[in-house]
Amino acid sequence: MEKRNSVLDWFKYFKNNFLLDACAGLIAFAIGMIISIIMWKTGVMEWGVPFGTGFMTGAFLMMALFASMMSFSQQFNIAVAMGCSRRRFLSAFFGTTAVFSVVELLMLWVLYHLEMFVYRCFIPAQEGNDVEASIGEVLDLKTVLTILVAAIVFKFVSGMIALHFGRTGFYVVWFGYMILIFGAGNIATRAADNPDGICAEIMRKVCEILTFWNGLGSYLVIYAVLAILLLFFGRMQLRQEVRSA
């Protein structure tokens, strides 16, 4: 791996990471569009909803959490075993992942507008302007940048968990993800059923923190968590031993 001295060499080395994400995203996009069209054809909906872009976003999020677990360990072990320094590998991974993530965001942007164009052409009752307006209110520059940084960090963290803890790490991440999804839903349900209960109080405190100073609190919390994860797992990576398969 010491011979990989050019940026192009590193992009070739990590290209499968992007190809895997892109294939999963495009398949999810096609499935989402088909579902949206079927729902319109059967009269369930009177307009086209960008399920394709939504499904693609979900696929990218899932890949950010779990795809690196399938490739990071092998890439790290091979690179370091062939003489590449851990610091060099880390910088190459972050550099290529950042570029690939930007390309994935551009794919989402292009395919979203393509999807809405298709719906306007073939679905007469399409009210895409309202959908686009609501999405535009949420996806401003700072939100997109935060999503980009989070995707890069989570890809690294998930890869390091699999590298350091092996199969156990994968199951920990999976169960943690499921607990977070169902646990948050359960807390929200309990808060709605009992506005004076402890769950409702927790929800109010969390909302107060996240909405502090016109929403600045949410960005501070997110970046603080990402910084802690990056520092912790970055130090772990610089000391990580090479493990044979």
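# Briefing: a buried salt-bridge network in a helical chain

D21 has a relative accessible area of 2% and therefore counts as buried, the cut-off for that class being under 20%. This residue belongs to a network of salt bridges that also takes in E104 and K155. The model is predicted, and its chain holds 9 helices and 0 strands. The points below cover the overall fold, the salt bridges, the aromatic rings, one buried glutamate and a nonpolar surface patch.

**Overall fold**

- Read from the N terminus, the order of elements is α-α-α-α-α-α-α-α-α.
- The chain has 245 residues, of which 36% are buried.
- Of the contacts between residues at least 6 apart in sequence, 77% join residues at least 24 apart.
- About 14,800 Å² of the chain is exposed, and 72% of this area comes from carbon and sulfur atoms.

**Salt bridges**

- The whole structure contains 2 salt bridges.
- In the pair formed by K155 and D21, the closest N and O atoms are 2.8 Å apart. Because K155 lies in helix 6 and D21 in helix 2 (residues 15–41), this pair ties together parts of the chain that are 134 residues apart in sequence.
- K155 also forms a salt bridge with E104, with 3.7 Å between the closest N and O atoms. Here the link runs from K155 in helix 6 to E104 in helix 4, and the two residues are 51 apart.
- Like D21, which is buried at 2%, the other two members of the network are buried: K155 has a relative accessible area of 7%, and E104 has 6%.

**Aromatic rings**

- The count of aromatic pairs comes to 17. One of them joins F72 and F76, whose rings are stacked, at 6.5 Å centre to centre and with 10° between the planes.
- F72 and F76 are both in helix 3 (residues 51–81), where 4 residues, about one turn of the helix, separate them. Both residues are buried.
- F94 and F156 form a tilted pair, because their planes meet at 55°, with ring centres 5.0 Å apart. This pair links distant parts of the chain, since F94 is in helix 4 and F156 is in helix 6 (residues 141–165), 62 residues apart.
- The two partners differ in burial: F94 is partly exposed at 21% relative accessible area, whereas F156 is buried at 0%.
- F72, F76, F94 and F156 belong to one aromatic cluster, together with W10, Y13, F14, F89 and F93.

**A buried glutamate, E115**

- E115 is located in helix 4 (residues 86–122). With a relative accessibility of 0%, E115 counts as buried.
- A polar atom of the E115 side chain lies 3.4 Å from the backbone nitrogen of F51.
- Leaving aside residues up to four places away in sequence, E115 touches F29, M33, V49, P50, F51, G52 and T53.

**Nonpolar surface patch**

- F170, Y171, W174, F175 and I179 make up a nonpolar patch on the surface, and together they have about 530 Å² of accessible area.
- Y171, a member of this patch, is found in helix 7 (residues 167–193). Its relative accessibility is 42%, so Y171 counts as partly exposed.

Note on methods:
Residues are numbered from 1 along each chain as its sequence is written. This is a predicted model: local features need pLDDT of at least 70, side-chain atom pairs count only at pLDDT 80 or more; totals for chains, interfaces and linings use all residues. Side-chain values use heavy atoms; hydrogens and water are left out. Patches are made of residues with over 30% relative accessible area and no salt bridge: like charges are joined within 9 Å, nonpolar side chains (Val, Leu, Ile, Met, Phe, Trp, Tyr) within 5 Å. Accessible areas come from the Shrake-Rupley method with a 1.4 Å probe; for residues, only the protein chains shown count as cover. A salt bridge is a side-chain nitrogen of Lys or Arg within 4 Å of a carboxyl oxygen of Asp or Glu. Buried means under 20% relative accessible area, exposed over 50%, partly exposed in between (1.4 Å probe, protein chains only). A polar contact is a pair of N or O atoms within 3.5 Å; within protein, one must be able to donate a hydrogen and the other to accept it, and residues adjacent in sequence count only if both atoms are side-chain atoms. Contact means heavy atoms within 4.5 Å. Rings of Phe, Tyr and Trp (its six-membered ring) pair if their centres lie within 6.5 Å; planes under 30 degrees apart count as stacked, over 60 as edge-to-face and the rest as tilted.
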